[in-house]
Amino acid sequence: MTQVSFAQHGMWVTERMGAGSAYHMPIVIRFDGSSAPDPAVLAAACARVVERHPLLGRAVREHDGVPHLVPAARLPSLETGESVEEAVVRPFDLENGPLVRFTLVGDTLVVVAHHLVFDGGSKDVLVADLAAFATGAVPPPLAPLDYAEGQRERVAALLGEARAFWADRWRDPGEVVVPGGALRSRRGGPGRLLEFPLDVPALPGLTRFEVLLAALHALLMSYGNADVVTAVDLSTRTAEAEGHIGPFVNELPVFSSPPADAPFVTFAAALRAELRSLYAYREVPLARVVAGLKPHAALAPVSVSYRRGPLTTGATAGFGEVDWLAFNRAVRGALQLQVLDPAVRTGDDPATGMSASLRYDPGELTDPAGFADDLRAVLAAIAQDPARPLEMLPTRGPVVAWPVPGSSTAEAAPEDGGADVDLDDPLAAEIRAIWEEVLKLAPIEPHDDIFELGGHSLTITQIIARMRKRLGVEVDLDDFFDNPTIAGVLQVIRG
């Protein structure tokens with residue numbers, strides 16, 4: 001067994017709290033009738049891809065509260081299905097696996113991998129390798145990789161600096177005001193989709209991602225949000241991980257307080273500087289450095305995922321029509337903006353057409369088309385005049401006056417139940433012994449907060465597992481986060 005990485009542990013915890021198909025990552029490849037690979041050839045290519053990337057043939061099983069990667073009960077193989085949607089949303093069996101499936105629906109191949117073993121960059125790797133094997137080519141060999149162990153060592157070395165970095169930055173995201181309502185959700189659940197083209201101008205000293213992110217922050221500011229936070233997916237892929245499939249990604253928040261009178265380029269440069277300082281800690285999960293951070297499918301109601309599109313050359317060229325942003329029928333948070341930037345650009349066109357996929361909770365974002373139009377209008381205005389003040393950008397805001405009334409959805413501090421705890425009580429004494437054993441700290445008093453003692457989601461799942469095994473009691477993760485003391489846990493158990 002191999003212990004999972006930090007990213008995998010966070011997803012495993014959130015999945016157990018209910019996320020639907022939010023962590024399903026589909027790729028849809030449509031072949032025309034004349035060029036579709038023979039099903040037997042395609043089945044063999046799928047098997048070769050799994051052999052090349054053993055992580056796809058794994059499952060995740062808990063041992064003493066710690067999730068580990070184990071061989072799946074069966075290896076994934078090419079199946080036939082009746083619909084693309086069914087292939088995309090069908091639940092995964094995390095404990096038995098496998099965590100990828102290949103389904104042929106007519107002349108369409110649907111590949112769906114769970115985020116526990118996959119990320120956006122892995123789509124490029126999988127399609128390239130699949131196309132190579134289907135055409136008789138053999139990709140160069142890959143060196144074995146224990147990414148989780150290397151990541152633990154790198155993160156351990158950065159923890160002190162990362163805690164100091166986030167100490168004066170982190171604040172629990174509140175609601176995000178938009179025309180027609182407010183975005184609050186950070187859960188995973190059913191979602192809807194709006195796809196649209198997006199032209200992002202090239203500005204000196206800024207990447208297109210930085211321009212896009214600054215434009216999004218400016219748009220949210222114009223709606224009446226004085227303080228803005230968006231979660232962003234950052235790649236953690238190292239040089240050793242090139243060519244490998246895996247969840248090489250970490251979600252982190254980006255905060256700003258856009259000055260209304262600042263020229264866009266000035267604000268964007270400041271946001272770029274903030275991003276660059278954040279990149280130094282891109283591998284460190286926020287839950288490891290922010291005490292008491294409750295697991296959510298998204299760190300903020302609004303999140304952004306940006307990646308460069310793959311090059312359609314070599315074996316991949318002509319291997320069907322690939323939908324790189326195929327929809328999983330779900331959303332993490334209230335609004336996810338996924339953007340695919342073409343890898344090949346021609347000429348000196350100041351604006352590059354990107355593909356945008358807006359996944360949203362229809363109960364929170366009531367006008368997705370209006371939001372998309374506003375973002376496109378802001379980017380068009382920036383292309384015309386990058387020095388335009390933020391307050392002069394064309395949007396429908398502000399929709400409320402600053403400060404936003406009731407904008408904070410920070411959770412109230414948990415109440416520490418059980419004013420008096422008798423440690424001679426056998427159950428209380430057993431719980432205390434388990435805490436001290438897991439945290440390697442003694443003595444722990446009844447009202448000591450586990451997060452102040454250095455605990456986090458991994459130590460909590462270990463404690464929960466040992467209480468289940470030794471004491472026959474079950475405490476939900478939510479209840480533990482709301483009652484993070486021995487006294488509080490004891491009160492939950494006894495009702």
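**Rings, charges and pockets by definition**

Q: Why is Trp166 called buried?
A: Trp166 has a relative accessibility of 3%. Buried means under 20% relative accessible area, exposed means over 50%, and partly exposed lies in between (1.4 Å probe, protein chains only). Trp166 therefore counts as buried.

Q: How do you know which residues can be used for statements like that?
A: This is a predicted model, where local features need pLDDT of at least 70 and side-chain atom pairs count only at pLDDT 80 or more, while totals for chains, interfaces and linings use all residues. Residues are numbered from 1 along each chain as its sequence is written, and side-chain values use heavy atoms, leaving out hydrogens and water.

Q: What makes Phe165 and Trp166 an aromatic pair, and why is it edge-to-face?
A: Rings of Phe, Tyr and Trp (its six-membered ring) pair if their centres lie within 6.5 Å; planes under 30 degrees apart count as stacked, over 60 as edge-to-face and the rest as tilted. The structure holds 9 aromatic pairs. For Phe165 and Trp166, the centres are 5.1 Å apart and the planes stand at 90°, so both the pairing rule and the edge-to-face rule are met. Phe165 has a relative accessible area of 9% and is buried. Ring pairs also join Phe165 and Trp166 with Tyr281 in a cluster.

Q: Why is the pair of Trp170 and Phe255 edge-to-face?
A: Their ring centres lie 6.0 Å apart and their planes meet at 80°, so the pair is edge-to-face. It links distant parts of the chain: Trp170 is in the loop between α5 and β8 (176–178), and Phe255 is in strand β13 (residues 249–256), 85 residues apart. (Helices, H or I with at least four residues, and strands, E with at least two, are DSSP runs numbered from the N terminus.) Trp170, at 18%, is buried, and so is Phe255, at 11%.

Q: How do you know that the charged end of Arg169 sits over the ring of Phe165?
A: A charge sits over a ring if NZ of Lys or CZ of Arg is within 6 Å of the ring centre and within 35 degrees of the ring normal. The charged end of Arg169 is 3.8 Å from the centre of the Phe165 ring and sits over it. Arg101 does likewise with Phe92, at 4.2 Å from the ring centre.

Q: What makes Asp168 and Arg169 a salt bridge?
A: A salt bridge is a side-chain nitrogen of Lys or Arg within 4 Å of a carboxyl oxygen of Asp or Glu. The N to O distance here is 3.7 Å, so the pair qualifies. Asp168 is exposed at 64%, whereas Arg169 is partly exposed at 23%. By this rule the count comes to 24 salt bridges.

Q: Why is the contact of Asp129 and Arg52 a salt bridge?
A: Their N to O distance is 2.9 Å, so it falls within the cut-off. Asp129 lies in helix α4 and Arg52 in helix α2 (residues 39–52), so the pair ties together parts 77 residues apart in sequence. Asp129 has 8% relative accessible area and is buried, and Arg52, with 18%, is buried too.

Q: What makes Asp64 and Arg466 a link between distant parts of the chain?
A: Their side chains meet in a salt bridge of 2.7 Å, N to O. Asp64 is in the loop between β3 (58–63) and β4 (66–71), Arg466 is in helix α10 (residues 457–471), and 402 residues separate them. Asp64 is partly exposed at 33%, while Arg466 is buried at 13%. Elsewhere, a network of salt bridges links Arg16, Glu62, Arg468 and Glu474.

Q: What makes a residue part of the lining of the largest pocket?
A: On a 1 Å grid over the protein atoms alone, a pocket is an open set of points where a 1.4 Å probe fits, with protein on both sides within 12 Å along at least five of seven lines; lining residues have an atom within 4 Å of a point. The largest pocket holds about 890 Å³ of space, a volume being the space filled by probe spheres set on points joined across faces, edges and corners. Its lining has 39 residues, and the closest to its centre are Gly120, Asp233, Ser305, Tyr306 and Arg307. Elements giving two or more residues to this lining include α4 (120–134), β12 (228–235) and β14 (302–308).
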